[in-house]
Amino acid sequence: MDTTQMRTWAEISLPKLEHNYRVLRACIPAGCRFMGLVKANAYGHGAVPVARRLKELGAEYLAVACVEEAAQLRQAGVDGPLLILGAVPPGEMPLAVELGATVTVFEPEGARALSRAATAAGKTVKVHIKADTGMSRLGFPAREGELERSGAEILAACALPGLEAEGIFTHFANADGDEAYTMRQLTRFLELIDLLKGRGLEFQLRHCAAAAAVLHYPCTHLDMVRPGIALYGHYPDNDCRDLLPEELRPVMTLKTRAAFVRPVPAGTPVSYGCTHVLARDSIIATLPIGYGDGLFRVLSDRWKVRVRGRLAPLVGRVCMDMCMIDVTDIPGVTAGDEVEVFGGTVPVEDAAALAGTIQYELLCHVSPRVPRVYLD
Ligand SMILES: *Cc1c(COP(=O)(O)O)cnc(C)c1O
């Protein structure tokens, strides 16, 4: 696609997505299923093209956060197994059933509401039971002493008309930091599964590993894995960089084009609040990207972008739709020059660290007005 006339865009490399998929697939056992996480617009990469590609590559399952995301995929013709990981409000259950999505069941009342929605539509809905083994977010309580009661509730839920119990899952709170805690969570999960098995309820798909657990703990792979961030070429933590035979490749590069370049004399303030006063005669380039596009304002005067192969610092506050960079030391910068904002050769991890957050958040916040340009 011709980007020469584009203001700001996110370049998405589908070959890099494919590379990451293959690297991850190679580290799980044959027969273990692969659930591709495409929630939050595929971590900002565009849910529909990413979901399509993952299906072509052989991902057996996809997962989204909510019914709206499931509907978006179905409308685009993405069929096949699709898990809604989050809580579906009762009012949206009929739509979830209609879409043929798999719904997460994590408490008795929700199970009954879903059963009513399915039977009213004359359909069966696949469900995955969610167990809370230590994240305290969503799930039937599954800490020590809670298994009996939750076991009984899960058995009752799975016996409801219109529900087909296909899977059971849990989520780790600290798979990137605390092995003992992760193993305690895994033990609780497996004990719950054993208890249910002893009462005649078995699940075809037991899953618990997001990217960090996929990389750190093969014992968590079970029947299916659920990597997200690693698919997009980012490590969940720095300790797992060396755990793979090949490097992951960042899929997204956020790019813009210099809109205006001119000399500004020493002593002149730049941007809102006049917080940055130029110490020398400078060449300032204005970029058509701001926090409205996903360039966090907290990166003002901190981040450096790449233009003509060199790093140029942001000067003054990032505005909603624009920001300024100092290109005094980079000869020849002109309006129309392409600029790498993050991704590519300016790691999003570094921007996230400066912003006091994680790469996930910066990727998710590349806003809808930024067109995604797919490389194939
Ligand atoms: C987001 C999410 C994942 C994927 O997490 P990553 O760290 O991106 O791999 C897996 N499972 C659940 C339940 C999630 O919410």
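A residue counts as exposed when its relative accessible area is over 50%, as buried when that area is under 20%, and as partly exposed in between. The exercises below apply this to a predicted model.

**Exercise 1. Classify Arg 149 by its accessibility, and describe the salt bridge that its side chain forms.**

Step 1. The relative accessibility of Arg 149 is 63%, and because this lies over the limit of 50%, Arg 149 counts as exposed.

Step 2. The side chain of Arg 149 meets that of Glu 153 in a salt bridge, with 3.3 Å from N to O.

Step 3. Both residues belong to helix 7 (residues 147-158), and because they are four residues apart there, about one helical turn separates them. In general, an α-helix has 3.6 residues a turn, so residues three or four places apart point the same way.

**Exercise 2. Describe the salt bridge between Glu 18 and Arg 22, and name the network to which these residues belong.**

Step 1. The side chains of Glu 18 and Arg 22 come together in a salt bridge at 2.6 Å, N to O.

Step 2. The two residues are four places apart in helix 1 (residues 14-26), so the separation is about one helical turn.

Step 3. Glu 18 has a relative accessibility of 24% and therefore counts as partly exposed, and Arg 22, with a relative accessible area of 46%, is partly exposed.

Step 4. For a pair that links distant parts of the chain, turn to Asp 326 and Arg 280, whose side chains meet in a salt bridge of 3.4 Å, N to O. Asp 326 lies in strand 18 (residues 323-326), whereas Arg 280 lies in the loop between strand 14 and strand 15 (282-287), 46 residues apart from it. Asp 326 is buried, because its relative accessible area is 12%, while Arg 280, at 36%, is partly exposed.

Step 5. Returning to the network, salt bridges with shared partners join Glu 18, Arg 22, Arg 53, Glu 56 and Asp 376. The count of salt bridges by this rule comes to 24.

**Exercise 3. Characterise the interface between domain 1 and domain 2 by its area, its contributing residues and its polar pairs.**

Step 1. The chain is divided into domain 1 (31-232) and domain 2 (252-375), and the centres of these domains, taken over C-alpha atoms, are 39 Å apart. Eight residues from domain 1 and seven residues from domain 2 take part in the contact.

Step 2. About 730 Å² is buried between domain 1 and domain 2, and carbon and sulfur atoms give 67% of this area. On the side of domain 1, the residues that lose the most area to domain 2 are Tyr 43, His 45 and Ile 229, which together account for 59% of what that side buries.

Step 3. No salt bridges are found across the interface of domain 1 and domain 2, the rule giving zero, whereas two residue pairs are in polar contact between these domains. Helix 2, with three residues, gives the most to the side of domain 1 that touches domain 2, and by class that side has four nonpolar, four polar and no charged residues.

**Exercise 4. Locate Gly 46, decide whether it is buried or exposed, and list its contacts beyond its neighbours within four places in sequence.**

Step 1. Gly 46 sits in the loop that runs between helix 2 (39-43) and helix 3 (47-57).

Step 2. Its relative accessibility is 7%, and therefore Gly 46 counts as buried.

Step 3. With neighbours within four places in sequence left aside, the contacts of Gly 46 are Asn 41 and Tyr 374.

**Exercise 5. Compare the settings of Ser 136 and Cys 274, both with a positive phi.**

Step 1. In general, most residues other than glycine have a negative phi. Phi is near 55 degrees in Ser 136 and near 50 degrees in Cys 274.

Step 2. Ser 136 is in the loop between strand 6 (125-132) and strand 7 (140-141), while Cys 274 is in the loop between strand 13 (269-270) and strand 14 (276-277).

Step 3. Ser 136 counts as exposed because its relative accessibility is 53%, whereas Cys 274, at 47%, counts as partly exposed.

Key. Residues numbered from 1 in each chain as written. Predicted model: local features only at pLDDT ≥ 70, side-chain atom pairs only at ≥ 80, totals over all residues. Heavy atoms only, no water. Buried < 20%, exposed > 50% of the residue type's maximum accessible area, 1.4 Å probe, protein only. Contact = heavy atoms within 4.5 Å. Domains from an automatic or database assignment. Buried area = accessible area lost by both parts, 1.4 Å probe. Salt bridge = Lys/Arg side-chain N within 4 Å of Asp/Glu carboxyl O. Polar contact = N/O pair within 3.5 Å; in protein donor to acceptor, adjacent residues only side chain to side chain. Nonpolar A, V, L, I, M, F, W, Y, C, P; charged D, E, K, R; others polar.
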